[in-house]
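Got the viewer open? Let's take a short walk through this one, a stop at a time.

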Amino acid sequence: MSANAEQTESSVKSMDDIMSLCKRRGFIYPASEIYGGVNGFWDYGPLGAQLKKNLRDAWWTDVVMKGCDGKLGPNGKPVEIVPVDTSIIQNPKVWEASGHVGGFNDPMVDDKETKQRFRADHLFAVYLLEPVNEMKTDEHYFIGGAIERAIPDRTAVGNTPTEALKAICNESTLRKANGIKKLISGIFSGQDHRVGSFATAWVSTSNGERYIACVPLSDGILERRANEVPSPFTGKAGHLTPPRAFNLMFKTVLGATGNMEDNAAYLRPETAQGIFINFKNVVDTTRVAVPFGIAQTGKAFRNEVTPRNFTFRSREFEQMEIEFFCHPDEAAGWYAFWRDWRMEWWQSLGLEGDNLILREHDSDELAHYAKEGAGTSDIEYRFPFTAPGFGELEGIADRTNFDLKQHAEHAGAKLEYFDNTRGELAKNGQPKGERYLPHVIEPSAGLDRGVLALLCEAYTPDPERASGVYMKFHPRLAPIKAAVFPLVKKDGMPEVAAPLAAALRKRFGHLGTIEYDEKQSIGKRYARMDEAGCPFCFTIDGDTLTDNTVTVRHRDTLDQERIAIDSVPDYLAEKLGL
Ligand code: ATP
């Protein structure tokens, strides 16, 4: 049984509860809510906007300004990164060269009867396999072989086989519809050379104990056995079309009098290409030398077929991408460096322990630009909706020289780099230089998925508190850095508290909000701060007026201590690690 399967249902946080806190406290709202919303788009409220900015700033500071927080690269030298900020709309030829016009497709399946549409890789065939006593000694052998022979009983929807199976086993109506009485084992996810990735669990049914298994339909089942696969909408077999490609790019028209045929342009589906097409500009106009990286953050747009799971899969989202250019011989070393450092970085922000994993891709998962043998890995987080499985936060890929080569060919531009530190030695003992297209290591992170992971990780139910829950953000990321409260709105307390809040704002306002609040009982104000994830509250009470001390309340431990009012700014600076 895999480690993943050991996570019990009760330890998984409720996504509904997290989403309702996000709405209630102003982290995230559905976009266009007063008009009924618009599928795949979200708006960040005051706390969410600041949390998102804090994560973006942490990335910008640690990656770009501090060059991997001062860690030396595999060449023993500081890591050099420079920023750019490129346009969302570029010449459409950029997307032809990058492969997005021809290949940026998701396989789509339609139900011919209901006209509903789904991504084939999000549809899963569900099998109730033979009784367990027929199981061979090797579990994988049994499952792979059994699935190959069996006809799917149903089709389920989800992001991963585990998610689809989990929905079936956990929802009583789905469980009943599938003839399952109860789940006996945890959910196990595996790979089999015959059927690809799958998830399985041991269940009891009216016909005895059996294995239930989920396998993606995109792994060829629909092409091979279309007549046997039941529709997830009606349960009828033979009603699904084979998977068809659907381009994910948003198209628009340039110019007020333009038309879609002659003046079409695309909203960028990734920030990376804006970097590649400026590689030569950056080399020519700055003093960078390979190896070096170019970084950018910004919006990307994908017309996702099935946006779902809150902000995890949206149609408009923000990326934080680095394209790191190096000599081909050094690509493997830089790939390992970035993969490991990016994992450390996410851990440093509080995504620790079993919820964060680094997963090297199997060779059958390689993207169109990646070559066999070149590394690709994902940093994945165990979101409540993927548990016990994981969802991608960031991908680290060795893109070889694919993109520079494509742009050099399509644009007819010379994008080779002249490296005067390499090549044979000339008579004067100096290297003659070498001309080459650099290879690129790309750590590509999703800012919105990062925020979602931070929200899920921070969400901590605590029945002992008035709020019933608190958000345990790392102080560096917390949108509200501190709160200042007069115990009551009288007796001279606001007159002391308001100037303290103003002084803290002046010193820490560039990092986040300093809350000042004098309404409601102190218990209600603490409860609000717990839900907002504010790490420190400073309360001015009757004693402050006589001994110049204030109470500090710590969010995580609920400890209270008294410190001198004059020491509050330095105290907060130390706690924020400044
Ligand atoms: P997925 O397989 O989940 O669709 P991807 O592998 O296509 O993701 P990349 O093209 O590698 O994603 O994009 C880099 C990062 O951008 C991802 O790791 C993810 O954090 C983020 N991202 C991609 N698509 C979306 C989306 N629709 N909504 C939110 N974030 C996204």
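Which residues come nearest to the ligand? Select the ligand in this predicted model and show what surrounds it: of the 15 residues around the ligand, the nearest are R302, E304, R313, S314 and E392.

Now turn on distances. On E304, pick the side chain: one of its N or O atoms is 2.8 Å from a nitrogen atom of the ligand. Next, click S314, where a polar backbone atom sits 2.8 Å from a ligand nitrogen atom. Then hop to Q319, whose side chain has an N or O atom 3.3 Å from an oxygen atom of the ligand. If you like surfaces, the ligand taken alone exposes 590 Å², and the protein buries 80% of that.

Colour the shell by residue class and you get three nonpolar, six polar and six charged residues. Colour it by strand instead: β16, β19 (391-400) and β22 (439-446) each supply at least two shell residues, with β19 giving the largest share, four residues.

Zoom out to the sheet. Its seven strands form an open sheet with mixed pairing, in the order β3-β15-β16-β22-β19-β18-β17. At the edges, pairing on one side only, are β3 (81-83) and β17 (356-360). Neighbouring strands here are turned by 20 degrees against each other on average, direction ignored.

Go to the β17 edge and add β18 (residues 376-381): the two pair in the antiparallel sense over five bridges. Label I357 and you'll find E380 of β18 opposite.

Last stop: select helix α2 (residues 46-65). Helix α2 lies across β3, β15 (292-301) and β16 (316-326), and runs at about 5 degrees to β16.

Key
Residues numbered from 1 in each chain as written. Predicted model: local features only at pLDDT ≥ 70, side-chain atom pairs only at ≥ 80, totals over all residues. Heavy atoms only, no water. Pairing = 2+ DSSP bridges. Axes fitted to C-alpha atoms, helices over the stretch in contact; angles between N-to-C directions. Contact = heavy atoms within 4.5 Å. Near = heavy atom within 4 Å. Polar contact = N/O pair within 3.5 Å; in protein donor to acceptor, adjacent residues only side chain to side chain. Areas by Shrake-Rupley, 256 points an atom, 1.4 Å probe, with all protein chains shown as cover. Nonpolar A, V, L, I, M, F, W, Y, C, P; charged D, E, K, R; others polar.
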